[in-house]
Amino acid sequence: MFLLLCSGLRTMAADGFKAAVRQGNLAEAISEVREKMLESFNNHTLNIAVTGESGSGKSSLINAMLGLCAGDEGAAETGILDSNAEPMAYQDPVLLGVTLWDLPGVGASKFPPDTYCEQLRLSRFEFFIIVGSQRFRSAHASLVREIQRLGKRFYFVRSKADMDLDASRRQRASSYNEEKILQQIREDCKRGLEAEGVRQPQVFVVSSWEPNCYDFPLLRQTLQKELQSLKRHAFLLSLPGVSSPIISQKKAALKREIWKAALFSCLMAAIPVPGAAFLCTFFVFRKHLFRYYSSFGLDDGSLSALARQVGKPVVELTAEMKSWRTTPMTALKLLLDSVGVTVMITEYSWKRFPVFGAVISGGVAMVTTYCLLRKCLAAIADDTQRVLSKALEAEGKKTI
Ligand SMILES: Nc1nc2c(ncn2[C@@H]2O[C@H](COP(=O)(O)OP(=O)(O)OP(=O)(O)O)[C@@H](O)[C@H]2O)c(=O)[nH]1
Ligand SMILES: [Mg+2]
């Protein structure tokens with residue numbers, strides 16, 4: 001349901017962005033996002049998934065955030081047994097435009113750790129609160145890795161601090177130092193997160209039973225303070241989903257025309273002049289390659305404009321491109337590798353058997369041009385999506 005709502009809003013606000021992607025003007029697409037769309041998304045609802053190991057205190061944390069106690073009307077179900085079998089939504093009463101999703105726990109009977117992320121389709125959520133009630137463990141690390149893979153952000157909440165403090169007080173009453181214990185817990189979590197490559201992890205040590213103590217007030221303040229930038233970041237991350245169908249449509253339209261280029265290449269290759277097949281295939285291929293790069297906005301000029309727009313060096317954008325760049329030399333090398341040898345062999349047969357040779361030459365040139373152009377088109381379309389995602393990521397970092 002929430003995804004439908006979000007996509008509806010995005011569709012309305014993203015027209016300029018879509019038009020720019022359609023025209024292959026990626027710099028303009030970013031400019032549309034910056035100038036016209038971000039502000040309108042301040043009213044967007046941020047979907048926060050509260051996740052973590054089974055029984056770690058996720059539902060209790062949500063209740064504390066809602067200002068409710070277990071058993072109150074509208075409170076999340078808590079207890080020592082596995083509770084919810086699917087995500088449950090709760091509107092934050094204080095932070096407007098925030099929906100807290102109470103997720104089943106990692107390792108609950110129906111959600112083994114190996115399949116948890118897939119089963120719950122974590123990618124649909126925009127921000128995460130990972131709840132851990134014990135030392136930083138592999139289950140937390142797996143969640144962190146998945147969230148990072150999705151390019152999303154999270155807070156790490158270490159729950160049940162009251163239990164740790166109580167245990168410590170009982171065991172070492174004489175040397176008991178509350179702040180020192182809390183700091184040790186924070187550091188353990190930070191160490192674990194940093195080992196997973198998280199820079200400046202945001203860790204909060206809380207007790208859901210005592211929402212006025214420890215880091216609970218700081219957790220609420222931080223969420224409130226960062227809310228707008230989190231919404232913008234979430235929104236920017238959703239835009240590749242908007243551009244993807246447009247890029248696919250462009251790819252399909254260009255693909256429909258490939259046969260013309262292949263036919264032309266076939267006719268030229270049948271001309272009885274030695275080397276003609278190779279040269280024709282090369283020039284037809286090269287011309288179309290240039291056309292694809294410029295049509296998707298990945299030619300040198302467009303990439304420089306995009307890099308200026310997002311304030312990144314061009315190489316950071318081109319590093320995302322897996323297809324080869326549009327230099328004649330790379331195209332030539334590719335053709336020499338994959339086409340040249342075949343075409344030259346057929347030209348040899350053409351010298352001995354003219355008609356048969358011309359047919360073979362033309363056929364090889366046609367098939368080769370067709371297959372190569374299809375392959376290149378697919379690779380360039382994928383590159384466009386990656387370069388745009390990188391540019392949006394750079395834009396998102398400015399808003400955090
Ligand atoms: N002492 C203490 N107990 C807590 C705290 N938070 C949760 N608990 C207890 O831990 C148990 C599990 O809490 P839940 O909030 O249901 O945990 P959960 O992560 O939602 O559990 P599942 O949904 O089953 O994965 C309950 O008995 C809670 O009362 C806390 O901050 N302090
Ligand atoms: Mg629960």
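**Exercise 1. State where Tyr-214 lies and describe its backbone; then treat Arg-121 likewise.**

Step 1. Tyr-214 sits in the loop that runs between strand 6 (203-205) and helix 9; helices (H or I, at least four residues) and strands (E, at least two) are DSSP runs, numbered from the N terminus. The model is predicted: local features need pLDDT of at least 70, side-chain atom pairs count only at pLDDT 80 or more, and totals for chains, interfaces and linings use all residues. Residues are numbered from 1 along each chain as its sequence is written, chains are lettered from A and ligands numbered from 1 in the order in which they are written, and side-chain values use heavy atoms, with hydrogens and water left out.

Step 2. Although Tyr-214 is a residue other than glycine, its phi is positive, near 50 degrees.

Step 3. Arg-121 belongs to the loop between helix 5 (116-120) and strand 4 (127-132). Its phi is positive, about 45 degrees, and Arg-121 is not a glycine.

Step 4. Arg-121 is partly exposed at 48% relative accessibility, where buried means under 20% relative accessible area, exposed over 50%, and partly exposed in between (1.4 Å probe, protein chains only).

**Exercise 2. Determine which face of helix 12 is buried and what follows the helix.**

Step 1. The buried residues of helix 12 are Leu-303, Leu-306, Ala-307 and Val-310.

Step 2. Viewed down the helix axis, these residues fall within an arc of 100 degrees, so they line one face of helix 12. The arc is that of the directions from the helix axis to the C-beta atoms.

Step 3. After helix 12 comes Gly-311, with a positive phi near 70 degrees.

**Exercise 3. Describe the nonpolar cores and identify the element that contributes the largest share to the largest one.**

Step 1. A nonpolar core is a set of buried Ala, Val, Leu, Ile, Met, Phe, Trp, Tyr and Cys residues joined through side-chain atoms within 4.5 Å.

Step 2. The largest core has 41 residues, and those touching the most other members are Phe-17, Leu-239, Phe-296, Leu-298, Val-387 and Leu-392.

Step 3. Elements giving two or more residues to this core include helix 2 (15-22), helix 9 (216-256), helix 12 (300-310) and helix 15 (354-399). Helix 15 supplies the largest share, 11 residues.

Step 4. A second, separate core of 31 residues includes Ile-130, Ile-185, Val-198 and Val-203.
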